[in-house]
Amino acid sequence: MDRSTEYYIRRATAADAAEIQIIMHAAFSGYLEDIGNTYKLHALTESIDDINDDIKKNAVFVAVTPDGSVIGSIRVKKLTDDLAYIYRFGVHPSMKNAGVGSRLLAAAIDYCVGCGFKAVALHTNTKFFTLVRYYYGKRFFVHSTSADKGYIRALFVKELTPDHNYDITPAFGE
């Protein structure tokens, strides 16, 4: 894939599901290589039906080239009226560090702001130092850590309003 490729961000449709699955496999396989582990990640086992279910129930955004190729995706779901959760965020490895992820994350956060959420949360592996630094740079903070998935993962939170009165506990089980 040409890193200089222009792309745009839009909501995903069912027609994108197969390409989203390919991106998730490529991105999350690379994630495992980067952290040097062989953890079982649900992102590597989800079906096209699972992805289509997310597209129907939640906000799924894709980065798309002019020829229609999906090069990244991010998903957002409502946990409460005040809290959203970001998950299955991945970019094709050939487009790593080209700004695609930042634009996808910005689209997801803009969506959350537009929906009136007070905060947005996500998890990432604490050993993936590049991602930890990335989220800090995007003004997320570590709320807590857990080992409930077989590795130590951090629950990151980004506050979207000055009102800090929101319940983060629904994100614990994600």
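Does Cys 112 count as buried or exposed, and what is its relative accessibility? Cys 112 counts as buried, at 0% relative accessibility. This answer comes from a predicted model. The report starts with the whole chain and returns to the cysteines at the end.

## The chain as a whole

The chain has 174 residues, and 43% of them count as buried. Its accessible surface comes to about 8,700 Å². Carbon and sulfur atoms account for 52% of that surface.

Now look at contacts between residues at least 6 apart in sequence. Of these, 67% join residues at least 24 apart.

## Order of the elements

The chain holds 4 helices and 7 strands. Start at the N terminus and follow the elements along: they run β-α-α-β-β-β-α-β-α-β-β.

## The sheet

The 7 strands form an open sheet with mixed pairing. Across the sheet, the order is β1-β2-β3-β4-β5-β7-β6. Note the end of that order: β7 stands between β5 and β6. The edge strands are β1, residues 8–11, and β6, residues 141–146. Each of these two pairs on one side only. From one strand to the next, the twist averages 25°.

Take one pair of strands as an example. Strand β3 covers residues 70–78, and strand β4 covers residues 83–91. The two run antiparallel, and 6 bridges join them. Within this pair, Ser 73 faces a partner in β4: Gly 90 stands opposite.

## A helix on the sheet

Helix α3 spans residues 100–115 and packs on the sheet. Which strands does helix α3 touch? The list is β1, β2 (59–64), β3, β4, β5 (119–125) and β7 (153–159). The direction of helix α3 makes about 160° with that of β4.

## Two cysteines, no disulfide

How many disulfides does a search of the whole structure find? The count is 0. Cys 112 is in no disulfide, and its nearest cysteine sulfur belongs to Cys 115.

Why is there no bond for Cys 115? The closest cysteine sulfur, in Cys 112, is 6.6 Å away, so it is too far for a bond. A disulfide needs the two sulfur atoms within 2.5 Å.

The surroundings of each cysteine can be compared too. Cys 115 has a relative accessible area of 40%, so it counts as partly exposed. Cys 112 has 0% relative accessibility, so it counts as buried. The cut-off behind that word is a relative accessible area under 20%.

Key: Residues numbered from 1 in each chain as written. Predicted model: local features only at pLDDT ≥ 70, side-chain atom pairs only at ≥ 80, totals over all residues. Heavy atoms only, no water. Pairing = 2+ DSSP bridges. Axes fitted to C-alpha atoms, helices over the stretch in contact; angles between N-to-C directions. Contact = heavy atoms within 4.5 Å. Buried < 20%, exposed > 50% of the residue type's maximum accessible area, 1.4 Å probe, protein only. Areas by Shrake-Rupley, 256 points an atom, 1.4 Å probe, with all protein chains shown as cover.
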